[in-house]
Amino acid sequence: MSSVTASVSPVRRLLSRLNLQQYVVYFGFIAIFLFFAVVLRDSGFLTQRNLVNIILQTAPATIMAIGLVFVLSAGEIDLSFGSTVAVSALCAAMAMAAYPGAALPLGVAAGIGSGLLIGAINGALVAWLRLPSFLVTLATMGLFAGVARSLTQLRSIPVTDPLFTGIFGSGSILGVPSLVIWCIIGIAVGHLVYRQTRFGAHVLATGDNSRAAQVSGIEVPRIRLWIFMISGGLAGLAGLLYAGRLQAAKYTLGETDLMTVIAAVIVGGTLLNGGKGSIIGALVGSLLMGMLNNGLILMGLSVSDQMIVRGLIILAAVAVSLREKTR
Amino acid sequence: MLQEAASPVLELTDIHKSFGGVVAIENVTLNVRPGEIVALVGDNGAGKSTLIKIISGVHAPTSGTIRLDGSPISMSSSTKAREFGIEVVYQDLALADQQPVYMNLFLGRELTRGPLQLLDRKVMIAETERLVKELDVRIPSAHATIRDLSGGQRQGIAIARATHWARKLILLDEPTAALGVAETARVEATVASLKSRNIGVLIISHSLDQVFRLSDRICVLRRGKQIGIRTTADTDKNEIVSMITGV
């Protein structure tokens, strides 16, 4: 046995290191892009305006996806980030409305802070009470969706501070829209932490084999708390991006992002059961979902048909993801 | 022999452990010298694993002392045991299957560099390659994913990891229980090579053949009691079997 595996051909070794599944998202991205480019050539898909629009629309989902990569990699799941987006955006908007003199710092603190707090609640329940994260975040998803509704009695809160809407919405630096800059920063920092730090390695080890991580001296509960706080904090940032772009906060923000973000992350090569993932893959997955959304609308598909197509793609992605794990 | 003269790296004196009213270990006294392989044998429930857990800091003994290099230590956790230079190779190996070999070797103790404390993969890979070569663990490369390795190779990695970090003592809990004949031979060769590193080795095994091939001394437990310690060269299987079974 050992002599056989020890002498695998260099080709097989290269193949196993390449790991085709990791590249599915890139092939898929290119294939779908080419498909829309041909089919929708007269519908304005390829215009710069449309392509930039895709990126701007996916920005909050991309930011949420970064957090979800950490959560899934640690072997947990977060279903509550959509509700967190709404709560954070509303908290930010209410803080800014209450203290217009210091709108920017208070808005940011309220938005990110509320996200971190929700993440800490999820994390503490999972890390120390060892409740399953699926059930915890299913419950907090509903709980904070309710909080978002009761905070403002379903009203929308306008966000008028020009500095805030510039930084988190319509502004740009050297022609690069601020939403794109936020995505680049998020992806760069996320990738660095995920791939190049001990923390990232500990997250992967925890998701891969939590007992091995534990006996190797990794503080597994602390890792579990952190990944939920990262997810919550990034959902808070996504809430700020929504509030900035739409110049208002409402309880519906982030409501429909759950499916999209989970799909983006899994299509991007992150395993549902932990131990393996990719931040860059999540970015491409997120852009893919945005492009799909955009293309399907331009093709004139009804909302219900769009939902069906998206559901089928998630099914396919999950199938590939689980096959990889049990190979 | 020279090692006979060396002072013990591990000294257990009157170790006693009970869980509630149930006595798991009574009055075990055992020394392990550097470069010595001591086998711990006994039937299921004899207390071998409990003893290993006491030495690795998972359980605290109810009474008795543990000395490491002559000084008494008390361990509250396996993290503490690792700080003392004691490494354990678990039956289920405790490897992260989807991570590469080199990350498993440095699991929980990853090397970093620079002000940002980024992972130093280069050094970890080089160290891993040096170590697997030294211990003759035949794996395709330090980049290989654990999942793609055979049982023997995984066990080799687990032992290599323990060897890399152990300064005093390695505890092996049934290291070849799940392996085939050829792989067992490879792992035994790796274990035997630990002698030259002047580390104490305490090994649990159900295979008396293996115990006689590898160990310098044999400690027999039965129902938590220490039946006796024999020098492997001066005993035979019949004696050990009767000590284990009590017949």
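**Chat: the A–B contact and a helix pair**

Q: How many residues does each chain put into the contact?
A: This is a predicted model, and in it the contact takes 25 residues from chain A and 32 residues from chain B.

Q: Which helices of chain A supply at least two residues each to the side that touches chain B?
A: Those are α1 (2-6), α2 (10-18), α10 (198-208) and α11 (210-215) of chain A.

Q: And which one gives the most?
A: α10(A), with five residues on the side of chain A that touches chain B.

Q: What's the mix by class on that side of chain A?
A: Ten nonpolar, nine polar and six charged residues.

Q: Switching to confidence: what does chain A average in pLDDT?
A: Chain A averages 89, and 91% of the residues score at least 70.

Q: Where is the pLDDT below 50?
A: Over residues 1-7 of chain A. That stretch has 18 contacts in the model beyond near neighbours in sequence.

Q: OK, new topic: how do α6 and α7 of chain A cross?
A: The axes of α6 (residues 103-127) and α7 (residues 133-151) of chain A come within 9 Å and cross at roughly 150°. That angle is over 145 degrees, so α6(A) and α7(A) are roughly antiparallel to each other.

Q: Left-handed or right-handed?
A: α6(A) passes α7(A) in a right-handed crossing.

Q: Which residues make that contact?
A: From α6(A), A:I118, A:I121, A:N122, A:L125 and A:V126. α7(A) brings A:S133, A:V136, A:T137, A:T140 and A:F144.

Q: How many of them are charged?
A: The contact of α6(A) with α7(A) has no charged residues, with six nonpolar and four polar.

Note on methods: Residues numbered from 1 in each chain as written. Chains lettered and ligands numbered in written order. Predicted model: local features only at pLDDT ≥ 70, side-chain atom pairs only at ≥ 80, totals over all residues. Contact = placed C-beta atoms within 7 Å. Helix = DSSP H or I, 4+ residues; strand = E, 2+ residues; numbered from the N terminus. Nonpolar A, V, L, I, M, F, W, Y, C, P; charged D, E, K, R; others polar. pLDDT = per-residue confidence, 0-100. Axes fitted to C-alpha atoms, helices over the stretch in contact; angles between N-to-C directions. Parallel < 35°, antiparallel > 145°, perpendicular 65-115°, else oblique. Left-handed = near helix turned anticlockwise from the far one by under 90°.
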